Amino acid sequence: MSDETATGSDWYSEDAATFGDRVAGAREALGLTRSELAKRLGVKLKTVTAWEEDMAEPRANKLQMLAGVLNVSIMWLLNGHGDGLDGPDEAHALPGDVRAILTEIRQVKTEMGRLSVRLGVLEKKLRQTLKEHG
């Protein structure tokens, strides 16, 4: 990502933010805690936490409820397009180097989640193979 200061229009874009980032941003913009959001949606706190940390995504019915409670579109939650948050004002935007670091952190977190799932699949295959040949 470039060192340019992010503008409000791309703050929550697909390249700059994850699903979890958009959920957290919209929740915080409404002044809700994770617990309050979980209660409104009828889910457990750990479920909302998993969504915001990009370890899980809601099913379609919960996604629709989530968008309604957060007052954003489903498409904005999924990919940053449509009705949602604009991001901070240009005057309050982070310096480019800070923005780049935050973006890289998000990318690493997302990749760690993917690798964790991949590792789990490999461990399951290994256990199954050892069981078959044991």
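## Helices and core of a predicted model

On the other side of H2 (residues 34-41) from its buried face, Lys 39 and Arg 40 are exposed. Exposed means over 50% relative accessible area, buried means under 20%, and partly exposed lies in between, with a 1.4 Å probe and protein chains only. This is a predicted model, so local features need pLDDT of at least 70, side-chain atom pairs count only at pLDDT 80 or more, and totals for chains, interfaces and linings use all residues. Residues are numbered from 1 along each chain as its sequence is written, and side-chain values use heavy atoms, leaving out hydrogens and water.

**Overall layout**

The protein has six helices and zero strands. Along the sequence the pattern reads α-α-α-α-α-α. Helices (H or I, at least four residues) and strands (E, at least two) are DSSP runs, numbered from the N terminus. Of the 134 residues, 32% count as buried. Take the contacts with a separation of 6 or more: residues 24 or more positions apart account for 60% of them. Contact means heavy atoms within 4.5 Å.

**H2 and H3**

Which residues of H2 are buried? They are Leu 37, Ala 38 and Leu 41. These residues lie on the same side of H2 because they cover an arc of only 100 degrees around the axis. The arc is that of the directions from the helix axis to the C-beta atoms. H1, H3 and H4 are among what covers the buried residues of H2.

Helix H3 spans residues 45-52. Here Val 48, Thr 49, Ala 50, Trp 51 and Glu 52 are buried. They pack against H1, H2 and H4.

**H1 against H4**

Helix H1 covers residues 19-29, and helix H4 covers residues 60-70. Their axes come within 9 Å and cross at roughly 35 degrees. Axes are lines fitted to C-alpha atoms, for helices over the stretch in contact, and angles run from 0 to 180 degrees between N-to-C directions. The H1-H4 crossing is left-handed: the near helix is turned anticlockwise from the far one by less than a right angle. H1 brings Phe 19, Val 23, Ala 26 and Arg 27 to the contact, while H4 brings Leu 63, Leu 66 and Leu 70.

Now follow Leu 70. Leaving aside neighbours within four places in sequence, Leu 70 is in contact with Val 23, Ala 26, Arg 27, Leu 30, Leu 37 and Leu 77.

**The core**

The largest nonpolar core has 17 residues. Such a core is a set of buried Ala, Val, Leu, Ile, Met, Phe, Trp, Tyr and Cys residues joined through side-chain atoms within 4.5 Å. Phe 19, Val 23, Leu 37, Trp 51, Leu 66, Leu 70 and Leu 77 touch the most other members. H1, H2, H3, H4 and H5 each supply at least two residues. H4 gives the most, with four. In soluble globular proteins, nonpolar side chains tend to be buried together.

**Positive phi in the loops**

Most residues other than glycine have a negative phi. Asp 54 and Asn 71 have positive values, and neither is a glycine.

| Residue | Phi | Loop | Relative accessible area |
|---|---|---|---|
| Asp 54 | about 60 degrees | between H3 and H4 | 27%, partly exposed |
| Asn 71 | near 60 degrees | between H4 and H5 | 64%, exposed |

Gly 42 also takes a positive phi, about 75 degrees, just after H2.
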